[in-house]
Amino acid sequence: MAKTKVITLLGAPGAGKGTQAKMLAAKFGYPHVSTGDVLRDAVRRGTALGEKARKVMEAGELVSDDLVSEIVRERVMAPDAPRVFILDGYPRNVAQACYLQSLEDQADVFVINLRLEEDQAVKRLAGRRYCSGCGKIYNVFFSPSIKEGICDDCGSELQQRKDDAEEVIKERLRVYRQQTAPVVDFYTGRPNFFEIDGNREPDEIAGEMSGLVTDLENRWTAAR
Ligand code: AMP
């Protein structure tokens with residue numbers, strides 16, 4: 001049986017990984033696994049995982065590798081693992097990148113780095129709001145809702161993620177610089193590593209991203 005293909009998106013907080021991952025998932029019909037979403041959901045539901053993760057996440061630090069890698073391992077090792085899935089938010093440090101590599105008997109990994117300057121990242125994070133009803137993402141600077149604080153699509157209230165508070169943003173960017181930027185170095189120069197300029201409109205990025213994934217799909221079909 002063909003190995004699962006994992007397309008993972010890297011990028012500083014605010015680079016648009018989540019938005020682009022959702023777009024790819026919808027366009028190509030791939031499942032989308034966001035380690036951040038899985039953790040936030042666990043926190044909301046008050047599970048054991050959520051209890052362990054909550055404080056660390058609110059401080060903008062990284063949750064322990066064991067907990068997060070287990071989320072990924074479960075998806076890759078599942079007997080009904082999908083042909084392709086989109087991973088967003090993992091790997092966040094070199095140890096996680098090595099762990100992902102250790103799954104190479106089960107999964108081929110394709111890495112797309114969304115490049116974004118830090119000052120842009122701050123603006124995107126500080127302005128980000130999400131709909132408490134349908135999850136739609138807005139930005140008060142770049143893509144505000146028509147009525148302030150209310151979702152255009154479902155009318156629910158817009159909220160700010162706790163970790164998008166200014167002090168926490170600073171810490172998340174520090175953690176990114178220290179721990180996640182080396183992951184980009186880890187992959188740079190490898191055959192399945194691609195980079196996209198994240199400092200553009202989401203639609204433009206989505207166009208380039210789709211082109212890249214279409215090329216990958218063609219490659220996979222030809223190799224079958
Ligand atoms: P995100 O939604 O990807 O920005 O993730 C939100 C938070 O979840 C991060 O700030 C971390 O606390 C935690 N998190 C998500 N993915 C990982 C990961 N791969 N390793 C460690 N912590 C993570």
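This report covers a pocket, a cavity, two helices and three buried strand residues in a predicted model.

## The second largest pocket

The second largest pocket has a volume of about 270 Å³. Its lining counts 13 residues. Closest to the pocket centre are Q101, V109, Y187, R190 and N192.

Two elements, α5 (94-102) and β4 (107-115), each put at least two residues into this lining. Strand β4 gives the most, with four residues. By class, the pocket lining holds seven nonpolar, four charged and two polar residues.

## Helix α5

Helix α5 has buried residues as well as a share in the pocket lining. Q96, A97 and L100 are buried in α5. Viewed down the axis of α5, the buried residues fall within an arc of 105°, so they line one face of the helix. An α-helix has 3.6 residues a turn, so residues three or four places apart point the same way.

The cover over the buried residues of α5 includes α4 (65-77), β4 and α7 (166-187). Strand β4 thus has two roles here: it helps cover α5, and it supplies residues to the pocket lining.

The start of α5 has a polar feature. There, a side-chain oxygen of N93 comes to within 3.3 Å of the backbone nitrogen of A95.

## Buried residues in β4 and β3

V111 is found in strand β4, and so is N113. V84 lies in strand β3 (residues 84-88). The table gives the relative accessible area of each, with one C-alpha separation per residue.

| Residue | Strand | Relative accessible area | C-alpha separation |
|---|---|---|---|
| N113 | β4 | 3% | 12 Å to I205 |
| V111 | β4 | 1% | 34 Å to C154 |
| V84 | β3 | 4% | 9.4 Å to H32 |

Why do N113, V111 and V84 count as buried? Buried means under 20% relative accessible area. N113 has 3%, V111 has 1% and V84 has 4%, so each meets that cut-off.

Sequence spacing adds to the picture. N113 and I205 are 92 residues apart along the chain, with their C-alpha atoms separated by 12 Å. V84 and H32 are 52 residues apart along the chain, with a C-alpha separation of 9.4 Å. V111 and C154 are 43 residues apart in sequence, and their C-alpha atoms are 34 Å apart in space.

Contacts come next, leaving aside neighbours within four places in sequence. N113 is in contact with L10, G11, V184, F193, F194, E195 and I196. One of these partners also makes a polar contact: the side chains of N113 and E195 are joined at 2.8 Å.

V111 is in contact with T8, L10, Y187, N192, F193 and F194. Of these, Y187 and N192 are also listed among the residues closest to the centre of the second largest pocket.

In strand β3, V84 touches K5, I7, Y30, P31, E217 and W220.

## The largest cavity

How many cavities of 30 Å³ or more does the structure hold? There is one. The largest cavity has a volume of about 40 Å³.

Its lining is made up of L9, L10, G11, K17, G89, Y90, P91, R92 and T180. Strand β1 (residues 4-11) provides the largest share, three residues. By class, four of the lining residues are nonpolar, three polar and two charged.

L10 and G11 link this cavity to β4. Both belong to the cavity lining, and both are in contact with N113. L10 is also in contact with V111.

## Helix α2

Which residues of helix α2 (residues 35-45) are buried? T35, G36, L39 and A42 are. Seen along the axis of α2, these buried residues fall within an arc of 125°, so they line one face of the helix. On the other side of α2, R44 and R45 are exposed.

Cover for the buried residues of α2 includes β2 (32-34), α3 (48-58), α4 and β3. Helix α4 also helps cover the buried residues of α5. Strand β3 is the one that holds V84.

Just after α2 comes G46, which takes a positive phi of about 70°.

Technical notes
Residues numbered from 1 in each chain as written. Predicted model: local features only at pLDDT ≥ 70, side-chain atom pairs only at ≥ 80, totals over all residues. Heavy atoms only, no water. 1 Å grid on protein atoms, 1.4 Å probe; cavity = no way out; pocket = protein on both sides within 12 Å on 5 of 7 lines; lining within 4 Å. Points joined across faces, edges and corners; volume = space filled by probe spheres on them. Nonpolar A, V, L, I, M, F, W, Y, C, P; charged D, E, K, R; others polar. Buried < 20%, exposed > 50% of the residue type's maximum accessible area, 1.4 Å probe, protein only. Arc of directions from axis to C-beta. Contact = heavy atoms within 4.5 Å. Polar contact = N/O pair within 3.5 Å; in protein donor to acceptor, adjacent residues only side chain to side chain.
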